[in-house]
Protein chains: 2
Amino acid sequence: MPPAPEPQPALDEQIAIYQREYRDLDTQVEKVVNALSRLDRRMNVAYGRQLALLGLGHAEWEVLKELVMVGAPYQLWPGTIAKRLGLTPAAMTHRIDRMLAQGLVTRERDPENRVRVIVGITDEGREKWLQVMRKASVFEEDLLQDLTKVERTLLGELLTRLLRRVEDAQPDASGRLTDLD
Amino acid sequence: MPPAPEPQPALDEQIAIYQREYRDLDTQVEKVVNALSRLDRRMNVAYGRQLALLGLGHAEWEVLKELVMVGAPYQLWPGTIAKRLGLTPAAMTHRIDRMLAQGLVTRERDPENRVRVIVGITDEGREKWLQVMRKASVFEEDLLQDLTKVERTLLGELLTRLLRRVEDAQPDASGRLTDLD
DNA sequence: AAGATAAAGTTCGATGCTAAAGACTACACA
DNA sequence: TGTGTAGTCTTTAGCATCGAACTTTATCTT
């Protein structure tokens, strides 16, 4: 008898096991959190497949996204990108190096402050972003195909409220998410 | 004038910009997907803080989770863990090495098949898992504090349906998520 | 039985990330 | 003006991961 079955257990089954191991578990909460985490993983795998087809990695995609998201003229300081992506400045330096070599971005010194650097996107970079978006939107539509318009709106609404809680409330020293003011 | 404001734009604002850059965007779908992705990132940051306090990294935590999740006698083959976590077998070898040195897991040859290895969890590993769960459940309750019981159930239900779509349907060659059986 | 094939895990070389130290610029204050 | 101080990016060393080749064991085929 093998030490474990191969396939990943279904979500509800997994929660049930957790509860056996940890009595005080709130199964309702745990279900939401685990579903979120599993969904994000699956989505990233799916995106990764499409990115690979276009010769991009997740790293490059993240940076292109930030540059487009900021709107015209599509410029950011490396430090800003790093902060938003949760990376160190060192990692950004190297990412920009690689993306520069691929012709996806530009890098120049900020004329107003020579210590600063301005990263911009090239036409090719913008084109790549668009191609990925087209592929991604197909996948996302497939993902949500079982939900009605009303359900989609509701889901977006509920998630936004969670996001607001975690983004607007700075956690205190013990990590608690408190007052939103 | 700086090339970009420091703080990350709010979700709705971000979606609006995306739509300016990509006309055909379904804002409803995009809102769900982006909220999901942003939530997962924030959650991982929060977990990371608690893990660091206990001297654990995300890598160790993932492995402990899989071992507990499988139930007694808490044993798995390295390859199974690797598959479920989306890692290569090589990475698992090194993770087990490190966790062995920390006394979190055990490693022995499978008596039924000498090529195979059985990874088990130690009492200390189980205790660490429990400590993390206690911390995590506090954070998760805080995260969901604005939702009523009904809303929590509904959210869990909607997410489960998405998960079912992406986990049960193998994507075809073009990456589409189709028929569920 | 004997050899081919398949499967599991480890080893090896290369890549990308982090933390820490370093270099450079701008600004504050004497 | 000169010096200190803070902020931004780059460099360096160490570590985790991946892809690929290799070792060992079990199973299939004849």
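Contact means heavy atoms within 4.5 Å of each other. Helices (H or I, at least four residues) and strands (E, at least two) are DSSP runs, numbered from the N terminus. This is a predicted model, in which local features need pLDDT of at least 70, side-chain atom pairs count only at pLDDT 80 or more, and totals for chains, interfaces and linings use all residues. Residues are numbered from 1 along each chain as its sequence is written, chains are lettered from A and ligands numbered from 1 in the order written, and side-chain values use heavy atoms, with hydrogens and water left out.

Q: Against which elements do the buried residues of helix 4 of chain A pack?
A: Buried means under 20% relative accessible area, exposed over 50%, partly exposed in between (1.4 Å probe, protein chains only). In this helix the buried residues are A:Thr80, A:Ile81, A:Ala82, A:Arg84 and A:Leu85. Their packing partners are helix 3 (58-69), strand 1 (75-76), helix 5 and strand 3 (117-121) of chain A, together with helix 2 of chain B.

Q: Which residue takes a positive phi just after helix 4 of chain A?
A: Look just past the end of helix 4 of chain A. The phi there is about 70 degrees, and the residue is A:Gly86.

Q: Which residues of the largest nonpolar core touch the most other members?
A: A nonpolar core is a set of buried Ala, Val, Leu, Ile, Met, Phe, Trp, Tyr and Cys residues joined through side-chain atoms within 4.5 Å. In general, nonpolar side chains tend to be buried together in soluble globular proteins. The largest core here has 46 residues, and those touching the most other members are A:Leu155, A:Leu159, B:Leu155 and B:Leu159.

Q: Which elements give two or more residues to this core?
A: Both chains contribute. From chain A come helix 1 (11-21), helix 2 (27-53), helix 6 (123-143) and helix 7 (149-168). From chain B come helix 1 (11-21), helix 2 (27-53), helix 6 (123-143) and helix 7 (149-168).

Q: How many residues are in the other core that lies apart from this one?
A: Its members include A:Val70, A:Val117, A:Val119 and A:Leu130. The count for this other core is 29 residues.

Q: What does B:Leu155 contact, leaving aside neighbours within four places in sequence?
A: One partner is in chain B, namely B:Leu147. In chain A, B:Leu155 meets A:Val32, A:Leu155, A:Leu158, A:Leu159 and A:Leu162.

Q: Is B:Val63 buried or exposed?
A: B:Val63 sits in helix 3 of chain B. Beyond four places in sequence, B:Val63 touches B:Ile81, B:Leu85, B:Met92, B:Arg95, B:Ile96 and B:Met99. Its relative accessible area is 0%, so B:Val63 is buried.

Q: Which side chain does A:Asn34 join through a polar contact?
A: A polar contact is a pair of N or O atoms within 3.5 Å; within protein, one must be able to donate a hydrogen and the other to accept it, and residues adjacent in sequence count only if both atoms are side-chain atoms. A:Asn34 lies in helix 2 of chain A and counts as buried at 9% relative accessibility. Its side chain also reaches the backbone oxygen of A:Glu30 at 2.8 Å. The side-chain partner, at 3.2 Å, is A:Gln14.

Q: Which element gives the most to the surface near DNA strand D?
A: A residue is near a strand or molecule if one of its heavy atoms lies within 4 Å of it. Helix 4 (78-85) and helix 5 (89-101) of chain A and helix 5 (89-101) of chain B each supply at least two residues. With five residues, the top contributor is helix 5 of chain B.

Q: How far is a polar side-chain atom of B:Arg95 from a phosphate oxygen of DNA strand D?
A: Of the 23 residues around this strand, B:Arg95 is one of those that come nearest. Other phosphate oxygen distances on strand D are 2.9 Å to a polar backbone atom of A:Gly79 and 3.0 Å to a side-chain N or O atom of B:Thr88. For B:Arg95 the distance is 2.8 Å.

Q: How far is a side-chain N or O atom of B:Arg116 from a phosphate oxygen of DNA strand C?
A: The 22 residues around strand C include A:Thr88, A:Val115, B:Pro78, B:Gly79 and B:Thr93, which come nearest. Sugar and phosphate make up 80% of the strand C atoms within 4 Å of the protein. The side chain of A:Arg98 has an N or O atom 3.4 Å from a phosphate oxygen. For B:Arg116 the distance is 3.1 Å.
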